[in-house]
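User: I'd like to practise reading a model feature by feature. Could you take me through one, giving the general idea before each case?

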Amino acid sequence: MAQRTAIEWTDVTWNPTTGCTPVSEGCDNCYAEALSHRLLKNAYSRALPVVDTVANRQNPFAVRIWRDRLSQPARWRERRLVFVNSMSDLFHVDVPESFVRSVFNVMVDVDRHTYQVLTKRPARAARFVRGARDLFGDAGLPEHIWIGASTENQETVYRARHLRHVPAAVRFLSCEPLLGPLSIGAELSTGDIHWVIAGGESGPKHRPMDDSWATDLRDECVMFGVPFFFKQWGGRTPKSGGRELEGREWNEMPQMGCGSGHVRAPNGATEAGRWQ
């Protein structure tokens, strides 16, 4: 299923896989899991899970692959920013490598879009990209395929280190939901991280975000010249607390070459920032 989205840093979501399993505190109130049980249970249960057990058949958030969705990006004529797998993690252990390769084949072939692949498992992403030189070449992921890792607190900052080992033109961090103080200056100082997103948690069980956690991240990004995107304060709904940080919105995006064909801000952003 692909659909326009309210996520401010992208245009559309594309979910060739669905389902996941928790790996850290940031997963505790997973919006994707809640949606799969509340609104998408019947739709998701139509497909067999990759690991076909009785328990997984009854769990709409067990990992499933959707081969019929692979053709969707080719049908979109206008260029789009595409968040890949908002309802899953492409590098989950249950997703067969052959299917991961099929998804990346689409991204390589349909290169008028910019794809944003976000994972909590960047170590597997690094192994995959390095092992697929026949698909990507020695330089790794092309400019129109971005790779990101989620890190919600200092305990998960190791994912940023793993992300730096993925051969890619654009690597980004999603520090959302931001659940504690997080210093990433050591990672930013290398020049290997090209964008940082930060935001608070939303939903009925949301955990509050301290102002200093967001401003400290912003300050580190400014110090090292890394584009910073503040998505939300969070609350009962994503829009509850607004998006202003110290009196302004931060909608900065990674630098892109003017000849790339991917030169614009996402639909939800009101300013392009460093997007060139």
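User: Let me start with a single residue: is Glu246 buried or exposed?

Analyst: The general idea is a cut-off on relative accessible area: buried means under 20%, exposed over 50%, and partly exposed in between, with a 1.4 Å probe and protein chains only. Glu246 is exposed, at a relative accessible area of 60%. Before we go on, this is a predicted model, where local features need pLDDT of at least 70, side-chain atom pairs count only at pLDDT 80 or more, and totals for chains, interfaces and linings use all residues. Residues are numbered from 1 along each chain as its sequence is written, and side-chain values use heavy atoms, leaving out hydrogens and water.

User: Where does Glu246 lie, and what is its phi?

Analyst: Glu246 sits in the segment after strand E10 (228–232). Helices (H or I, at least four residues) and strands (E, at least two) are DSSP runs, numbered from the N terminus. The phi of Glu246 is positive, about 50°, although Glu246 is not a glycine.

User: Which residue in the loop between strand E5 (81–84) and helix H5 (97–109) has a positive phi without being a glycine?

Analyst: That is Asn85, with a phi of about 65°, in the loop between E5 and H5. Asn85 counts as buried because its relative accessibility is 1%.

User: How should I read the side chains of E5 itself?

Analyst: In a regular strand the side chains alternate between the two faces of the sheet. In E5, Leu81 and Phe83 point one way and Val82 and Val84 the other way, and all are buried.

User: Which strands pair with E5?

Analyst: Two strands pair if DSSP finds at least two bridges between them. E5 pairs with strand E2 (residues 12–14) in the parallel sense over 3 bridges, and 4 bridges join E5 to strand E6 (residues 114–119), also running parallel. Val84 is a handy residue to follow: Val84 is the bridge partner of Trp14, and Val84 also stands opposite Val117 in E6.

User: Now a helix: which residues of H6 (residues 122–130) are buried?

Analyst: An α-helix has 3.6 residues a turn, so residues three or four places apart point the same way. In H6 the buried residues are Pro122, Arg124, Ala125, Ala126, Phe128 and Val129.

User: What covers them?

Analyst: Here we go by contact, meaning heavy atoms within 4.5 Å. The cover includes H5, E6, helix H7 (133–136), strand E7 (145–150) and helix H8 (158–163).

User: Where is there a cis peptide bond?

Analyst: Omega is the angle to read here. The cis bond joins Glu176 and Pro177, with omega about 0°. Pro177 lies in the loop between strand E8 (171–175) and helix H9 (185–188).

User: And for the whole chain, how many helices and strands are there, and why is it called as compact as a globular protein of that length?

Analyst: There are 10 helices and 10 strands. The radius of gyration, taken over C-alpha atoms, can be set against the globule rule, 2.2 Å times the number of residues to the power 0.38. The chain has 18 Å, close to the 19 Å that the rule gives for 276 residues, so it is as compact as a globular protein of that length. The C-alpha atoms fill a box of roughly 50 × 45 × 35 Å along the principal axes, and buried residues make up 54% of the 276 residues.

User: What share of contacts joins residues at least 24 apart?

Analyst: Among contacts between residues at least 6 apart in sequence, the share is 71%.
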